[in-house]
Amino acid sequence: MSNHLLSLLIWLPVVGAIPVLLAGTGRPGLARWISLLVAVATFAASLALIPAYDATTGTMQLNESLSWIPSLGINYSLAVDGISVALIILTTFTQILVIVGAWEIIQNKPHQYMAAMLLLEGAMIGVFCATDAMLFYVFFEAMLIPMFIIIGIWGGPRRVYATLKFFIYTFFGSIFMLVGLLYLWHKTGGSFAIADMAAVHLTLTEQSWLFFAFLLGFAIKVPMVPVHTWLPDAHVEAPTGGSVVLAAVMLKIGGYGFIRFSLPIAPDASQHYEWLIVVLSLIAVCYIGYIALVQQDMKKLVAYSSIAHMGFVTLGIFIAFILVRETNNPDAARLGMQGAMVQMISHGFISGAMFSCIGVLYDRMHTRQIKDYGGVINVMPIFAPFYVLFAMANSGLPGTSGFVGEFMVILAAFSANPWIALFAAFTLIIGAAYTLWMVKRVLWGKVTNHHVAELKDVNGREIFMLSAFAAGVLLFGIWPEPLVHLMDASVARIVEQLAITKV
């Protein structure tokens, strides 16, 4: 089975969406159970990647290749390394919780909502498996369609504005990426294989153009400052499940794209402009933290905090260049890159959990304004500890997964330049400020109004969902070794490649 495992992972949710759709409006219960079954089966199949993948080598494994459009040299070729495996398992894990979370909440056309979620899952797994640039691009764009539908149909009052903004931003960036891929196809003599593109010799000028083409495509996805403004709107209007998938998995595709395309294809340009990415990452970490501090809407606050936390990912990836080429310290570069990868996975759990918690409150009170809450702990004693745990993880408390990745990146940044580390560490202060201030105003104190007094505590379904997130946050906070080991050899290979110049 392992020789077709990746295809199974991509197409199982896609094919599974068909019976979910066929269940129709008349049988919402059936649609929910089929989608849950498909999500659990996909998660089980993704766990089979762990024994099938040899984490000691860090090469691309479990290869599958079929000729797709031979006249253009486009192949349906898949393979994974440790980073892909970790992200695929994060995707399949999150998907189950999203379906459980939407169980009773989505009453309008639940079969279509569940089907859209499954299609989205298939496309996201496809992005993490594709080793052909055109196949990657197809999956990269295919993700937009179900997300567009999820926000546009089940979103909030300004959902049409938010979906169009989300679509236009992301699509705009990927057009430049497509031009870059076509140029590389021309240079390789008609191959879309990412490995062939990475092997082509390019001048610094060519690399620079390609670097910015990829930067536009992936920076909007991450999102990096100044192309981040679609994210708060999309998050605020998206239904809870849409927010969870967007924050937990879709933002990671930006960071993943940098590793798969920008670094191997344009290493010299990446080094040449690394200062730009480092500065933009630090702006995200510091400035966006201040923006989060003044937000009145809980979802907007967590959306801005996502941008700040994803700044760590881009920072960890690009300080590796300073460490490898300027200070000749590949071990610190590995630490920074590893930290960025751990941060991607950890942020998936934490942001997914934070949006789920806000969803739990919103389903009861139908408001996300912080001022409408207060004293929630008095009426929801089971929910409150979950909320506090995830808030602490969001602040980077040691013992939670939020600490591990950020700490590794800050340590690596110290070896590169203490000033970078100083600004990066600043996020721990500002992050604690906006997160804990939100917790104080929502949970603590006396019950502020009769709406809060009538709140019901979490039910079994919600406890299951929040406990699963909590398990991930605590497991990788206390024992990150399995995650680090899974990705370590792959990260080491990427860092080795950074030292090789093409000019």
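**View 1. The span of residues 130–428, end to end.** The C-alpha atoms at the two ends of residues 130–428 sit 35 Å apart, and the span is 81% helix and 0% strand. Helices here are DSSP runs of H or I with at least four residues, strands are E runs of at least two, and both are numbered from the N terminus. An unreviewed UniProt entry gives this stretch the feature "domain: NADH:quinone oxidoreductase/Mrp antiporter transmembrane". Such annotations may be inferred rather than shown by experiment. Keep in mind that this is a predicted model: local features need pLDDT of at least 70, side-chain atom pairs count only at pLDDT 80 or more, and totals for chains, interfaces and linings use all residues. Residues are numbered from 1 along each chain as its sequence is written, and side-chain values use heavy atoms, leaving out hydrogens and water.

**View 2. Helices α20 and α21 packed together.** Here α20 (residues 401–416) meets α21 (residues 418–442) at an angle of about 160°, with the axes 7 Å apart. That makes the pair roughly antiparallel (an angle over 145 degrees). On the α20 side, the contact (heavy atoms within 4.5 Å) includes E406, I410, A413 and F414. From α21 come P418, I420, A421, A424, A425, T427 and L428. Sorted by class, that's 9 nonpolar, 1 polar and 1 charged residues.

**View 3. S351 and its surroundings.** You'll find S351 in helix α17, which covers residues 330–365. S351 counts as buried because its relative accessibility is 3% (the cut-off is under 20% relative accessible area, with a 1.4 Å probe and protein chains only). Setting aside neighbours within four places in sequence, S351 touches A247, A248 and S306.

Notes. Axes fitted to C-alpha atoms, helices over the stretch in contact; angles between N-to-C directions. Parallel < 35°, antiparallel > 145°, perpendicular 65-115°, else oblique. Nonpolar A, V, L, I, M, F, W, Y, C, P; charged D, E, K, R; others polar. Buried < 20%, exposed > 50% of the residue type's maximum accessible area, 1.4 Å probe, protein only.
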